[in-house]
Amino acid sequence: MNIAVIGAGPAGLSFASKYGDADVFEEHKEVGLPRHCTGLVSGSAARRVGIPNSLILNQYRELTVTDLEGRRIYFKMRDSVLLVDRPGLEQWLAEGVRKLYLGKRVVNISKNYIYTSDGSKHGPYDYIVLAEGSARRFARAYGHVVRLPGLQVDVKSSIDIHGIIVVYNQKLSKAYFSWIVELDKGVFRVGLADVCCTVEKLNKLVKLINGQPIDKPFGGGVLAGPPLKRLITGRVTLVGDAAGFVKPLSGGGITLAIYSSQMAAKAIARGTPTLYEDDTLLLRLRLRTAFLAFRILYGWRFVERAIHLLNGGEYVAVDYDDHIKTLLAAALTDPRSIRVVKELLRYLASNRNIFHLF
Ligand SMILES: Cc1cc2nc3c(=O)[nH]c(=O)nc-3n(C[C@H](O)[C@H](O)[C@H](O)COP(=O)(O)OP(=O)(O)OC[C@H]3O[C@@H](n4cnc5c(N)ncnc54)[C@H](O)[C@@H]3O)c2cc1C
């Protein structure tokens, strides 16, 4: 079968290396660049999708959730969180791909042919795999996924904080959150995603921690989900960010991009593409539930309330990149939480229409 893959990120490359024989088209001239992602993945998910230890730059066991205005909750993580060499990951995945066409942006798909920005026509293809990431130029025709601009920069700072710091502060991000990741002693990756004004807000965050940028800012679209209900339409299959495979509460999608692509490649190679939808159904239901939580809890600003309530507490983090689940679990083990739970139930009762999102 002839297959074209649009995009050489973790999703497109994983698909092609698992399937074995596909044409991969990538608009940039180098795999893995320009950078856009922080590179954090949970240890268990990294092991599940086979990310090798040689690509791990750092690992963390501490997570602090704070408003950077004096309140904070401290978590010890059950499983370590890993910082992955993101360009290195793509270069490693690309080693298993035979036909990779760099510097070729796909500008049109018509019937079973694709057209690239250099004016050439490729095909015919039996399947076209959309692995174009959060840009979703073609994928948007198959369903909506919430997208926020994200921006980050590496800085030097003498601030005395360690591990991963998640910041909930309306002045820095109204719609999502900000992050500070300790890369090395005195070196941090700081970033945020929000509906607007990311440059100004990033400058504010850098100033707040007395940071000195050591590199250019980088970023891209952070997706919050939900995953699409249909992953296959005719000859077109969607994987990774293009299909909305992200954790809604953190925008994390590296391991889900690899996993969804491996499932899609396996199903197509067996000649039963619909297996891809069946095999990812439970995962997509879980992600849709998390998306519902994202709409309810961000709308209600649950995290700010929890930070006020649990200020100074120390807990075990159940899931590092699901900050709300982690905070909820902390809240439920602390008697101070009863007021928050009552208010949450009242909020749900008066906003029942939110459940149509599910
Ligand atoms: C600021 C930021 C921080 C993030 N931090 C994390 C994190 O810490 N942990 C985590 O798990 N996730 C994180 N993510 C999300 C993560 O980067 C994505 O979920 C992941 O990259 C998805 O992989 P993908 O292959 O689907 O898409 P991408 O990695 O975006 O790859 C898509 C590729 O397709 C190419 N492309 C697009 N359109 C075309 C076209 N028309 N023709 C040819 N090529 C095309 C692009 O150039 C790109 O190389 C972050 C995202 C952002 C923006």
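This talk walks through the domains, sheets, helix packing and unusual backbone spots of one predicted model.

Ground rules, quickly. Residues are numbered from 1 along each chain as its sequence is written, and side-chain values use heavy atoms, with hydrogens and water left out. Since the model is predicted, local features need pLDDT of at least 70, side-chain atom pairs count only at pLDDT 80 or more, and totals for chains, interfaces and linings use all residues.

Domains. The assignment for the protein chain gives domain 1 as 3-34 + 86-145 + 225-291, and domain 2 as 296-352. Those bounds come from an automatic or database domain assignment. Taken over C-alpha atoms, the centres of domain 1 and domain 2 are separated by 35 Å.

Now the sheets. A word on labels: helices (H or I, at least four residues) and strands (E, at least two) are DSSP runs, numbered from the N terminus. Two strands pair if DSSP finds at least two bridges between them.

Start with the sheet of 6 strands. The sheet is open, and the order is E6-E2-E1-E10-E18-E17, with mixed pairing. At the edges sit E6 (99-102) and E17 (232-233), each pairing on one side only. Strand E2, residues 23-26, runs parallel to E6, and 4 bridges join them. One pair to click on: Phe25 has Tyr101 in E6 as its bridge partner.

Next, a sheet of 3 strands. This one is open too, ordered E7-E8-E9, with antiparallel pairing. E7 (106-110) and E9 (121-122) are the edge strands, each paired on one side only. E8, residues 113-116, pairs with E9 in the antiparallel sense over 2 bridges. There, Tyr115 has Lys121 in E9 as its bridge partner.

On to helix H1. H1 lies across E1 (3-6), E2, E6 and E10 (127-130), and runs at about 155 degrees to E1. Contact means heavy atoms within 4.5 Å. Axes are lines fitted to C-alpha atoms, for helices over the stretch in contact, and angles run from 0 to 180 degrees between N-to-C directions.

Which angle do H1 and H3 pack at? H1 (residues 10-19) and H3 (residues 86-94) pack at about 20 degrees, with axes 9 Å apart. That makes H1 roughly parallel to H3; angles under 35 degrees count as roughly parallel, over 145 as roughly antiparallel, 65 to 115 as roughly perpendicular and the rest as oblique. H1 passes H3 in a left-handed crossing. Left-handed applies if the near helix is turned anticlockwise from the far one by less than a right angle, right-handed if clockwise. From H1, Pro10, Leu13, Ser14 and Ser17 meet Arg86, Glu90, Leu93 and Ala94 of H3. The residues of this contact split into 4 nonpolar, 2 polar and 2 charged. Here Ala, Val, Leu, Ile, Met, Phe, Trp, Tyr, Cys and Pro count as nonpolar, Asp, Glu, Lys and Arg as charged, and the others, Gly among them, as polar.

Now H1 against H5, residues 254-269. Their axes come within 8 Å and cross at roughly 35 degrees. The crossing of H1 and H5 is right-handed. On the H1 side the contact includes Pro10, Phe15 and Tyr19; on the H5 side, Ile254, Ile258 and Ile268 are among the residues met. The residues of the H1 contact with H5 divide into 11 nonpolar, 4 polar and 1 charged.

Last, the backbone. Most residues other than glycine have a negative phi, and most peptide bonds are trans. The Leu33 to Pro34 peptide bond is cis, with omega near 0 degrees. Pro34 sits in the loop between E2 and E3 (40-42). Gly123 to Pro124 is also cis, omega near 5 degrees. Pro124 is in the loop between E9 and E10. Then Leu68: phi is near 55 degrees, a positive value in a residue other than glycine. Leu68 lies in the loop between E4 (56-66) and E5 (72-84).
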